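Hi,

Here is the structure I promised to pass on to you. Have a look at it first, and then read on for my notes.

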Amino acid sequence: MSEPRWVSWARRLVLGFLVLFTVLPLYAMLASSLKPLSDVQGDWHWLPTNLTFEPFIEIWSTIPLAKYFVNSLIVSGTATVLSVTIAIFAAYAVSRFEFRGKNLFSITVLSTQMFPGILFLLPLFLIFVNIGNATGIVLYGSRLGLIITYLTFSLPFAIWMLAGYFASIPKELDEAAKVDGCGPLGALIRIVIPASTPGIVAVAIYAFMTAWGEVLFASVMTDSDTRTLAVGLQEYSTQVDVYWNQVMAASLVVSVPVVAGFLLLQRYLVAGLTAGAVK
Amino acid sequence: MTTLTKPAPAPAPPGPGKSARARVWRGMSLPYLLLLPAVVLELLIHLVPMLVGIGMSFLKLTQFYIRNWAEAPVAGLDNYRFVLDFNAAAGRALMSSFWVTVQYTVASVALAWLLGTAGAVLMQREFRGRGGLRTLFLVPYALPMYAAVITWAFMFQRDTGMVNSILGDTLGLVGTGGDAPFWLIGDNSFWSLVIVSVWRNWPFAFLIIMAGLQNIPRDLYEAAAIDGAGWWRQFRSVTQPMLRPVNQVLFLVLFLWTFNDFNTPYVLFGESAPKEASLISIHIYQSSFKTWNFGLGSAMSVLLLLFLLLVTAVYLAVTSRRRTVV
């Protein structure tokens with residue numbers, strides 16, 4: 001498509017602005033994490049007066065960051081594995097079988113996405129407390145409660161996207177597997193799952209990101225032992241002097257795993273969105 | 001209401017059946033077995049709590065009954081009357097935070113969509129560095145939300161932040177030193193909130209629109225070019241109509257996320273958001289957990305849900321009809 005000159009100027013202008021808008025906070029995070037404390041307590045400097053890695057060492061002792069890190073890893077990792085597994089079964093049912101209630105299921109699952117989190121936070125809090133009182137299964141304040149909460153957050157999108165993905169795999173492949181003696185579950189495991197790896201990976205990233213970044217439920221459903229990074233990082237700001245260089249270093253450290261994972265696997269996400277969701 | 005489904009462990013899929021009868025039974029119920037874990041969890045975490053929440057909104061559920069809520073007295077419509085009495089303090093506070101949320105949603109969704117569309121359309125054509133730029137633009141979306149918002153909170157600090165340094169010291173647009181503006185309290189806090197939210201959300205719009213653009217067949221542009229359509233005409237007559245289904249969903253998702261947004265103001269302002277930036281989720285959270293009056297909090301949540309349902313229904317009806325007409 002040939003384009004007039006104003007379009008190429010608009011492209012430079014708009015993309016230039018977007019680069020600046022995107023980069024400035026990332027730069028503030030990186031530069032401040034390498035500054036001594038005195039640098040972040042005075043006027044803003046673009047460059048550290050002297051480069052130091054101290055903040056990256058101090059973050060582990062100022063707050064129990066390692067504990068929060070482990071909690072976040074356990075909660076997000078388990079929630080991701082469970083969410084993807086459950087979504088694979090549900091998506092397989094939706095894409096390969098005709099059964100009563102299929103539409104009802106799809107609509108209900110998708111519509112849970114629009115509920116305000118605050119609406120089921122209060123009842124869920126009470127339900128968890130009362131299940132604990134009645135049965136002894138500790139859900140409130142435990143990692144288990146957070147895990148099952150988070151896995152349902154990513155479940156609707158995961159089912160929706162995987163169902164689209166599975167539907168794009170020719171049913172003849174399933175039939176061929178059945179001729180070779182596979183049952184429906186054998187066909188799922190031997191044919192459908194291997195052929196949908198990109199979609200499954202994309203869904204897994206999404207589920208992990210959702211759990212890793214959640215704040216509202218983490219702030220209510222955890223105690224000092226099970227606190228996740230999302231809540232733990234805010235302990236810095238309750239201190240009298242905010243050690244901004246450490247806050248930025250900690251933010252960087254907790255971001256690296258998800259950002260690296262996301263960027264490495266982003267083409268799967270884009271491919272998954274193109275194949276499944278945007279149709 | 002205390003009889004609740006226990007969190008059933010995800011049932012393992014049945015192994016290969018031995019007898020013919022088992023096989024027939026399995027063939028009929030297999031889809032339901034596959035769906036069972038998803039259904040149980042959705043019921044436990046979303047649907048049952050929602051119904052319980054609706055029930056709670058009719059109870060006088062104050063701190064005395066939290067541990068023993070089956071005995072909370074029935075309030076009927078009292079909770080609703082109380083929060084909707086716009087002559088009293090509670091009603092006025094709810095109304096004010098509702099309007100703040102409406103303005104926040106309109107500003108944030110419009111800007112995020114505009115930047116996402118501009119970015120995606122201008123990067124539709126191949127140029128050097130396009131892949132790298134796309135990766136860079138997705139970073140804010142990949143960043144854990146609280147890390148991003150904490151960084152913005154640091155940039156918005158009055159005396160030590162980057163924002164006042166750029167606007168005041170470098171560009172001279174605002175006062176410096178003792179005259180420097182505050183960004184996290186007062187009127188400015190609303191715009192701080194919008195900027196952070198747009199920074200977080202525009203890459204999502206960009207990602208979705210980019211995926212939508214890839215599904216537009218190239219022949220359409222070629223045919224339009226043969227008909228003599230220039231760049232703008234092609235954008236108006238090919239790109240825009242072809243993106244309409246994508247935009248229909250994108251707008252709805254952005255609207256729901258932004259209207260329900262709790263995380264951005266909670267991390268940006270801490271426990272007490274300034275009233276200029278007190279979104280409705282924050283308002284409900286604070287009035288529930290500060291006073292431990294869950295009945296009132298539930299009534300406000302139910303009103304919020306009804307509002308969102310109404311807007312969504314009207315939106316889908318209007319946009320779907322327009323789609324069939326055009």
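How many helices and strands does chain A have? Chain A has 13 helices and zero strands, and reading along its sequence gives α-α-α-α-α-α-α-α-α-α-α-α-α. Before going further, please keep in mind that this is a predicted model, so every value below is computed from it.

**Chain A overall**

The C-alpha trace of chain A spans about 70 × 70 × 35 Å along its principal axes. Chain A contains 279 residues, and 49% of them count as buried. If you take the contacts in chain A between residues at least 6 apart in sequence, 75% of them join residues at least 24 apart.

**A helix pair to look at in chain A**

When you have the model open, try helix 4 (residues 65-96) of chain A together with helix 10 (residues 197-213) of chain A. Their axes come within 8 Å and cross at roughly 140 degrees. An angle over 145 degrees would count as roughly antiparallel, so helix 4 and helix 10 of chain A are oblique to each other. The crossing of these two helices is right-handed.

Which residues of helix 4 of chain A meet helix 10 of chain A? From helix 4 they are A:Ser72, A:Val75, A:Ser76, A:Ala79, A:Thr80, A:Ser83, A:Val84 and A:Ala87. Facing them in helix 10 are A:Ile200, A:Val203, A:Ala204, A:Ala207, A:Phe208, A:Ala211 and A:Trp212. Sorted by class, this contact has eleven nonpolar residues, four polar ones and no charged ones.

**Chain B**

Chain B has twelve helices and zero strands; from the N terminus on, its elements run α-α-α-α-α-α-α-α-α-α-α-α. Of the 326 residues in chain B, 40% are buried. For contacts in chain B with a separation of 6 or more, residues 24 or more positions apart account for 65%.

**Where the two chains meet**

How many residues does each chain bring to the contact? Chain A gives 81 residues and chain B gives 84 residues. On the side of chain A that touches chain B, helix 1 (residues 5-33) of chain A supplies the largest share, with 15 residues. That side of chain A divides into 60 nonpolar, 18 polar and three charged residues.

That is what I have for now. Happy to go through it with you whenever it suits.

Best wishes

Terms used. Residues are numbered from 1 along each chain as its sequence is written. Chains are lettered from A and ligands numbered from 1 in the order in which they are written. This is a predicted model: local features need pLDDT of at least 70, side-chain atom pairs count only at pLDDT 80 or more; totals for chains, interfaces and linings use all residues. Helices (H or I, at least four residues) and strands (E, at least two) are DSSP runs, numbered from the N terminus. A residue is buried if 20 or more other C-beta atoms lie within 10 Å of its own, exposed if 12 or fewer, and partly exposed in between; C-beta atoms are placed from the backbone. Two residues are in contact if their C-beta atoms, placed from the backbone, lie within 7 Å. Axes are lines fitted to C-alpha atoms, for helices over the stretch in contact, and angles run from 0 to 180 degrees between N-to-C directions. Angles under 35 degrees count as roughly parallel, over 145 as roughly antiparallel, 65 to 115 as roughly perpendicular and the rest as oblique. A crossing is left-handed if the near helix is turned anticlockwise from the far one by less than a right angle, and right-handed if clockwise. Ala, Val, Leu, Ile, Met, Phe, Trp, Tyr, Cys and Pro count as nonpolar, Asp, Glu, Lys and Arg as charged, and the others, Gly among them, as polar.
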